[in-house]
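Me: I would like to go through this model one point at a time. Please give the reasoning with each reply.

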Amino acid sequence: MEHIDVAVIGGGQSGLATAHALLRHGLRPVALEASDRAAGSWPHCYDSLTLFSPARYGSLPGMPFPGADRDRYPHRDEVVTYLTAYADRLDAEVRTGCRVSAVRRTGDGFTAELEGGGRLSARAVVAASGTFGHPHRPALPGLEEYTGQVLHAADYRSPAPFSGHRVVVVGAGNSAVQIAAELARTARVTLATRRPVKFAARRVLGRDLHFWTARTGLDTAPLGRFPARSPAQPVLDDGRYRAALTAGRPDRRALFTGADGAKLLWPDGQREEADAIVLATGYRPDLPYLAGLDGALDAEGTPRHREGLATGAPGLAFVGLEWQRSLSSNSLRGVGRDAERITRRLAARLARR
């Protein structure tokens, strides 16, 4: 069996930031990425996706996001190129096509089992596999009876297949509003939400909102330890999305109450046929490989941790969880900060052994 210092599960933004931090603390990580390249979920996001933060706030440690315009909002493909270049420059081994099927306790360390065979022995493990592989599909009224097309935002790419169709997008976050507004250019679209959409101005006093959250410390404040559940974040808007909803493209309605075949039932009693439902309902941590590791997850499969360090499985840590420590914990700008804090403590623990 191969023996390594730290197994980092995931080779996207969280895994790469973790590998960088581990190297700084004298440890030799191996990042295990299930896909065929070190870019995480970004290559699979919808075609028009752009960062919600400017390029100056979208960098991993040690490598600024390239480009002269630091205030632009980079496109998905720019992020993929950036992460690929970051992995190439990183003095750590990133093994693609390596999906971890299980992590088990072995003495004071762990054994990582790989799909298709193969095992690695590691002194510590960092779960940095993100959430994209585990789309959240809530139990919505009538969804099981609905006979039209149902897809999650994880499977949405562009509006082309929906041109001229009747589409309902479920969700009130940034992705939901972006997708609904994009679809509304060529389709008849409703944004269905449980509550009204909350907006936040993208620019305040001539500066991007991220300038102010960084300046005030809100971006890094350890708020993640307080809420029992992740608080909803408002839609960042330069005015276009609020205007689109005001104009009814898309229109916003309360969530449907049921379904009859391809027809959705609305709270006002209307029955309307819909061709497709797009669930922009978020994600959950993608950690099936920890299901058999005592102390790693609670009964609902949620990580048991405090600011990223596992509370019931010594030597295990997490990077890239939503609200892991702060509101930026699962973002490009935040994973490096969390990874540094976590690896400092992991390195100290391993030095004592």
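Me: Is Cys 98 buried or exposed?

Reply: The model is predicted, and the accessibility values are computed from it. Cys 98 has 16% relative accessibility. Buried means under 20%, so Cys 98 counts as buried.

Me: How does Cys 45 count, as buried or exposed?

Reply: The relative accessibility of Cys 45 is 10%. With the limit for buried set at under 20%, this residue counts as buried.

Me: What does the count of disulfides come to?

Reply: A disulfide is a covalent bond between the sulfur atoms of two cysteines. The rule applied here asks for a pair of cysteine sulfur atoms within 2.5 Å. By this rule the number of disulfides is zero.

Me: In what order do the five strands of the open sheet lie?

Reply: Strands of a sheet can pair in parallel or antiparallel fashion, through backbone hydrogen bonds. In this open sheet of five strands the pairing is parallel. Strand 7 (149-152) and strand 14 (251-254) each pair on one side only, which makes them the edge strands. The twist from one strand to the next averages 25 degrees, and the order is 7-18-8-9-14.

Me: Which residue in strand 9 stands opposite Val 170?

Reply: Strand 8 (residues 166-170) and strand 9 (residues 188-193) run parallel and are joined by five bridges. Opposite Val 170, in strand 9, stands Ala 192.

Me: Which strands does helix 3 touch where it packs on the sheet?

Reply: Helix 3 spans residues 174-183. Its direction makes about 170 degrees with that of strand 8. The strands it touches are strand 8, strand 9 and strand 18 (276-279).

Me: Where does Pro 250 lie?

Reply: The peptide bond from Arg 249 to Pro 250 is cis, with omega near 10 degrees. Pro 250 lies in the loop between helix 5 (240-246) and strand 14.

Me: Is Leu 205 buried or exposed?

Reply: Leu 205 is not a glycine, yet its phi is positive, at about 55 degrees. The residue is in the loop between strand 11 (203-204) and strand 12 (207-208). Its relative accessibility is 74%, and the limit for exposed is over 50%. Leu 205 therefore counts as exposed.

Me: And Trp 323, is it buried or exposed?

Reply: Trp 323 also has a positive phi of about 55 degrees without being a glycine. It is found in the loop between strand 21 (316-318) and helix 6 (332-352). With a relative accessible area of 11%, Trp 323 is buried.

Me: Why is the pair of Phe 65 and Tyr 82 stacked?

Reply: The structure holds seven aromatic pairs, including this one. It links distant parts of the chain, with Phe 65 in the loop between strand 2 (29-33) and helix 2 (76-89) and Tyr 82 in helix 2, 17 residues apart. Phe 65 is buried at 2% relative accessibility, and Tyr 82 is buried with a relative accessible area of 2%. The ring centres are 4.7 Å apart, and the pair is stacked because the planes, under the limit of 30 degrees, meet at 25 degrees.

Me: Over the face of which residue does Arg 202 lie?

Reply: Another arginine, Arg 253, lies over the face of Trp 266, at 4.7 Å from the ring centre. For Arg 202 the distance to the ring centre is 3.7 Å, and the ring is that of Tyr 73.

Conventions:
Residues numbered from 1 in each chain as written. Predicted model: local features only at pLDDT ≥ 70, side-chain atom pairs only at ≥ 80, totals over all residues. Heavy atoms only, no water. Buried < 20%, exposed > 50% of the residue type's maximum accessible area, 1.4 Å probe, protein only. Pairing = 2+ DSSP bridges. Helix = DSSP H or I, 4+ residues; strand = E, 2+ residues; numbered from the N terminus. Axes fitted to C-alpha atoms, helices over the stretch in contact; angles between N-to-C directions. Contact = heavy atoms within 4.5 Å. Phe/Tyr/Trp six-rings, centres within 6.5 Å; stacked < 30°, edge-to-face > 60°. Lys NZ or Arg CZ within 6 Å of the ring centre and 35° of its normal.
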